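Visitor: Please show me the model, and let us go through how its charged side chains are classified.

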Amino acid sequence: MSQSQTLPLKRQQSENPSDDGSTAIKPSRLKISLPSEDSDKKNLNKRVKDVEICVPIVYGTVAFYLGRKASEAQSHRWTVYVRGASNEDLSAVVKRVVFQLHPSFNNPTRVVESPPFEVTECGWGEFEIAITLFFHSDACEKQLDLYHHLKLYPEDESGPQTTKKPVVIESYNEVVFPEPLEGFLARIQNHPAAVVPRLPPGLNLPNPVLVSAVPNDHMNDKQRGDTKDHPLGQWFLNFSEADELLKLAAARQQVQAHIVKLRRQLNLLEGQSKQPSGYKCT
């Protein structure tokens, strides 16, 4: 395959090599913008103010050298994927994923409609892979574009390549859904792939089955597509520290929501105190 044509890289991030040679990309937060008011009117449920849902995701590649007996054009077998930060099933949020491979591949646009969201191929060259996430309609109507560079060769090329240890490159991101629809919140609030802060008191969420954008048979099968027993799981990087940071961020968000509420109450009290009492001195 030709290496002269590559897909554009949308965002550069610093890389942090680990002791075993795998690389984790610096975490970032990807905040989904709210749709237009006209779009909201099409939904049967309301948005929940002062609430954000965070879904940690990891996307990357695992590449194996196939040894000296492999052909020069098929020297490596690699897998590109999108997974939960702790290998949770993302299909409750993600409807489908499109992987745009190098144009030299047959059918370079690969559409994956169900988990695990991944593509496995063989080749010899490194290139940029465009990854597009499409969410269920109650979560977000906009797509999320990501970009990942496929690496086949380790950073330290002084020694011979081994067939036993793959080259792993992964990026951790937090996809943030601000002011979620009640139906989406009701459906996702207890899902292991999502981080949901404590909800406002008195909030009554609808039955998720009645307002869900996800088929009932899919909702009832919580283990469908679970990647915890993924065959590549032993090579996935551990983002538990980033997960803890996400929980702290959720706690900060909860505190901030309380502060906003208290400020509103204080402003209301101050406004009442400035109003005339109605007593007229004669």
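Guide: Lys49 is exposed, its relative accessible area being 54%. The model is a predicted one, in which local features need pLDDT of at least 70 and side-chain atom pairs count only at pLDDT 80 or more, while totals for chains, interfaces and linings use all residues. Residues are numbered from 1 along each chain as its sequence is written, and side-chain values use heavy atoms, with hydrogens and water left out.

Visitor: Why is Lys49 called exposed?

Guide: Exposed means over 50% relative accessible area, buried under 20%, and partly exposed in between (1.4 Å probe, protein chains only); Lys49 has 54%, so exposed is the term that applies.

Visitor: What makes Glu179 and Lys49 a salt bridge?

Guide: The term requires a side-chain nitrogen of Lys or Arg within 4 Å of a carboxyl oxygen of Asp or Glu; the closest N and O atoms of Glu179 and Lys49 are 3.3 Å apart, so the pair qualifies. Glu179 lies in the loop between β10 (167–178) and α2 (182–188), and Lys49, 130 residues apart from Glu179, in the loop between α1 (37–41) and β3 (52–65). These helices (H or I, at least four residues) and strands (E, at least two) are DSSP runs, numbered from the N terminus.

Visitor: Why does Glu179 count as partly exposed?

Guide: Glu179 has 21% relative accessibility, which falls between the two cut-offs, and therefore counts as partly exposed.

Visitor: How do you know that Lys151 is buried?

Guide: Its relative accessible area is 16%, so Lys151 falls on the buried side of the cut-off, whereas Glu155, its salt-bridge partner, counts as exposed at 51%.
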